[in-house]
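Reader: I have a model open at the bench. Please take me through it in short questions and answers.

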Amino acid sequence: MSLHQKNPQGSQSQHLQSCSETQGLQAAQISEALAKSHVSSPRLMPGNSKESPAAGVPSTREGAQGFLSSPVAITATSSSRSGERSSGHKEEESTAQAAPRPAIVPIPSMRVEEAALMELMLLKYRMKEPVTKADMLKVLIPVCEKHFSDIFLKACQHLEGMFGLDVKAVDPRNHCYELVISMGLTYDGMLSGEESVPKTGVLILVLGVILTKGGCAAEREVWKVLNQVGIHAERVHPLFGDPRELITNDLVKEKYVEYRQVANRDPAQFEFLWGPRAYAETTKMKVLQSLAKVYGVEPSAFGSQYEDALRDEEKRARATMSATAASPSGAPAGSSAKSSRSSCP
């Protein structure tokens with residue numbers, strides 16, 4: 001799937017800004033379109049009031065409350081207002097953003113129309129249904145349609161960074177897509193019957209921290225990175241719920257990570273390691289590549305971890321070749337597996 005930009009960057013940026021402003025003025029239309037598509041999102045969870053800009057939504061947008069009350073939409077709306085702050089505050093923000101920060105939370109460039117597409121695609125993911133371009137155009141106002149490719153690309157990037165989901169083209173001719181979990185993982189943390197969001201993005205980040213710490217990360221190091229993206233041990237997160245429960249209990253039960261006490265430490269200290277399911281489903285190189293995207297660097301920037309990942313890839317390649325040679329059909333087991341998701345209409 002490749003999307004090409006036809007307009008110069010400056011002109012395109014101006015058009016998208018105008019599109020975003022119009023989208024904000026007509027938020028009620030978006031809400032109506034989302035309602036027609038049966039889009040619904042989890043409400044903002046308590047415990048994170050400082051970082052939740054719900055209070056910033058003006059009363060004139062009450063007609064779009066169903067859309068704006070979702071965590072994704074609220075953060076997107078707040079981000080679009082960042083330019084209205086004082087110049088002194090802007091300087092503080094630029095200083096704070098100088099260091100690379102993982103994009104598990106919505107990045108500042110997210111616009112309302114991108115959040116609208118994310119809402120729809122997440123709904124389709126929950127329903128295990130493909131999503132078409134026609135579906136997505138229904139949640140965009142007409143002035144944004146000519147910029148669909150750029151808006152769609154940004155929404156896909158947000159889905160990958162925040163939720164660990166890849167958007168795959170299943171029928172390029174008819175512009176039909178499906179969302180799949182990134183990096184070969186099979187866990188999204190969504191409970192059946194609940195309107196929640198995938199938590200795979202958090203899992204990928206935790207696996208990345210462990211990997212960059214040599215395969216064993218102290219608990220304080222994991223939380224240090226998570227705190228940088230607004231995920232705190234003692235706060236309920238608006239998207240991911242109770243982070244401590246997720247990381248030290250759910251991911252442990254799912255065997256993606258091991259959480260063990262460090263011997264001979266007083267007070268007690270804990271550390272994280274990859275679990276057997278992480279080793280079985282993904283690779284060190286895939287995790288490093290994902291982490292490199294987040295930080296905007298090449299995987300080789302991770303030095304010794306990259307070299308270790310290369311050795312791991314070579315080892316896996318040799319094992320695959322041996323298994324293929326030993327197989328009567330000449331193909332690895334499981335190569336004929338089919339997708340369980342429904343086909344495009």
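The turns below cover confidence, one sheet and the cysteines.

Author: This is a predicted model, where local features need pLDDT of at least 70, side-chain atom pairs count only at pLDDT 80 or more, and totals for chains, interfaces and linings use all residues. Residues are numbered from 1 along each chain as its sequence is written, and side-chain values use heavy atoms, with hydrogens and water left out.

Reader: Which element has the lowest confidence in the protein chain?

Author: pLDDT is the predictor's confidence in each residue, from 0 to 100. The chain averages 73. Helices are DSSP runs of H or I, at least four residues, and strands are runs of E, at least two, numbered from the N terminus. Confidence peaks at 98 in strand 6 (residues 270-274) and is lowest, at a mean of 28, in helix 3 (residues 65-68).

Reader: How many contacts does the stretch 20-107 have beyond near neighbours in sequence?

Author: Its pLDDT is below 50. Where pLDDT is low, the predicted coordinates should not be read in detail. A contact means heavy atoms within 4.5 Å. The model's count for residues 20-107 is 143.

Reader: What is the strand order in the open sheet of three strands?

Author: Two strands pair if DSSP finds at least two bridges between them. Strand 1 (131-132) and strand 2 (165-171) are the edges, each pairing on one side only. Strand 1 pairs with strand 3 (residues 176-181) in the antiparallel sense. The order is 1-3-2.

Reader: Is C156 buried or exposed?

Author: Buried means under 20% relative accessible area, exposed over 50%, partly exposed in between (1.4 Å probe, protein chains only). C156 has 11% relative accessibility, so the residue counts as buried.
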